[in-house]
Amino acid sequence: TYPFPYLVTCQRIFQLLDLQRDDIFLDIGSGIANTVLQAAFTVGCVSRGIEVVKDRHNIGVNIKEKMMSMYHSTNSKDGSNGTKVCSFSILPHTGI
């Protein structure tokens, strides 16, 4: 788990990049996908992560699944609450 200052720093970077909902965020070396998830859920943009270390990749996929489950359990399926269903992926591990 990353400390609060990391999350604030990421948000500041997103602001400096002027990251918008219609942008695509790419994190190369995404680790367990914390930044990928944060961009997707806080900015609402399409967010992609690439990680070559298999264990980190697998943890990121697990976190993604849990986050999506939580997201869908708190938001209506038809988006009637005005939120955009976030779009993010963790690209398949290549076996490196």
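**Close-up views of a predicted model**

The structure, a predicted model, holds one salt bridge.

**View 1. The salt bridge between Arg56 and Glu51.** Arg56 forms a salt bridge with Glu51, and the closest N and O atoms of the two residues are 3.9 Å apart, which falls inside the 4 Å limit for such a contact. The two partners can be described separately in terms of their accessibility: Arg56 is partly exposed, with a relative accessible area of 43%, whereas Glu51 is buried, with a relative accessible area of 8%. Side chains of opposite charge can pair when their charged atoms come close.

**View 2. Strand E1 and its pairing with strand E2.** Strand E1, residues 24–28, has a covered face made up of Phe25 and Asp27, while Ile24, Leu26 and Ile28 belong to its uncovered face. In a regular strand the side chains alternate between the two faces of the sheet. Five bridges join E1 to strand E2, residues 46–50, and the two strands run parallel; within this pairing, Asp27 stands opposite Gly49 in E2. From E1 the chain crosses through helix H2, residues 34–43, to reach E2, and this β-α-β crossover is right-handed.

**View 3. The largest nonpolar core.** Seven residues in all make up the largest nonpolar core, namely Cys10, Phe14, Leu19, Phe25, Ala39, Val43 and Cys45. Helix H1, residues 4–16, and helix H2 each supply at least two residues of this core. In soluble globular proteins, nonpolar side chains tend to be buried together. Among the core residues, Cys10 is buried with a relative accessible area of 7%, and Cys45 is buried with a relative accessible area of 0%. With a disulfide taken as a pair of cysteine sulfur atoms within 2.5 Å, the count for the structure comes to zero disulfides.

**View 4. The aromatic pair of Phe14 and Phe25.** The structure holds one aromatic pair. The ring centres of Phe14 and Phe25 are 5.4 Å apart and the ring planes lie at 75 degrees, so the pair is edge-to-face. This contact links distant parts of the chain, with Phe14 in helix H1 and Phe25 in strand E1, 11 residues apart. Phe14 is buried, with a relative accessible area of 3%, and Phe25, at 12% relative accessibility, also counts as buried; Phe25 is in addition part of the covered face of E1.

**View 5. Helix H2 and the residue that follows.** Helix H2 is mostly covered, given that eight of its 10 residues are buried. The buried residues of this helix are Asn34, Thr35, Val36, Leu37, Gln38, Ala39, Ala40 and Val43, and of these Ala39 and Val43 are also members of the largest nonpolar core. An α-helix has 3.6 residues a turn, so residues three or four places apart point the same way. Just after H2, Gly44 takes a positive phi of about 90 degrees.

**View 6. Positive phi values at Asp18 and Ala33.** Most residues other than glycine have a negative phi. Asp18, although it is not a glycine, has a positive phi of about 55 degrees; its place is in the loop between H1 and E1, and Asp18 is partly exposed, with a relative accessible area of 48%. Ala33, which lies in the loop between E1 and H2, is a residue other than glycine with a positive phi, here near 80 degrees, and at 1% relative accessibility Ala33 counts as buried.

Methods. Residues numbered from 1 in each chain as written. Predicted model: local features only at pLDDT ≥ 70, side-chain atom pairs only at ≥ 80, totals over all residues. Heavy atoms only, no water. Buried < 20%, exposed > 50% of the residue type's maximum accessible area, 1.4 Å probe, protein only. Helix = DSSP H or I, 4+ residues; strand = E, 2+ residues; numbered from the N terminus. Pairing = 2+ DSSP bridges. Right-handed = clockwise from strand over helix to strand, strands pointing away. Salt bridge = Lys/Arg side-chain N within 4 Å of Asp/Glu carboxyl O. Core = buried A, V, L, I, M, F, W, Y, C linked by side-chain atoms within 4.5 Å. Phe/Tyr/Trp six-rings, centres within 6.5 Å; stacked < 30°, edge-to-face > 60°.
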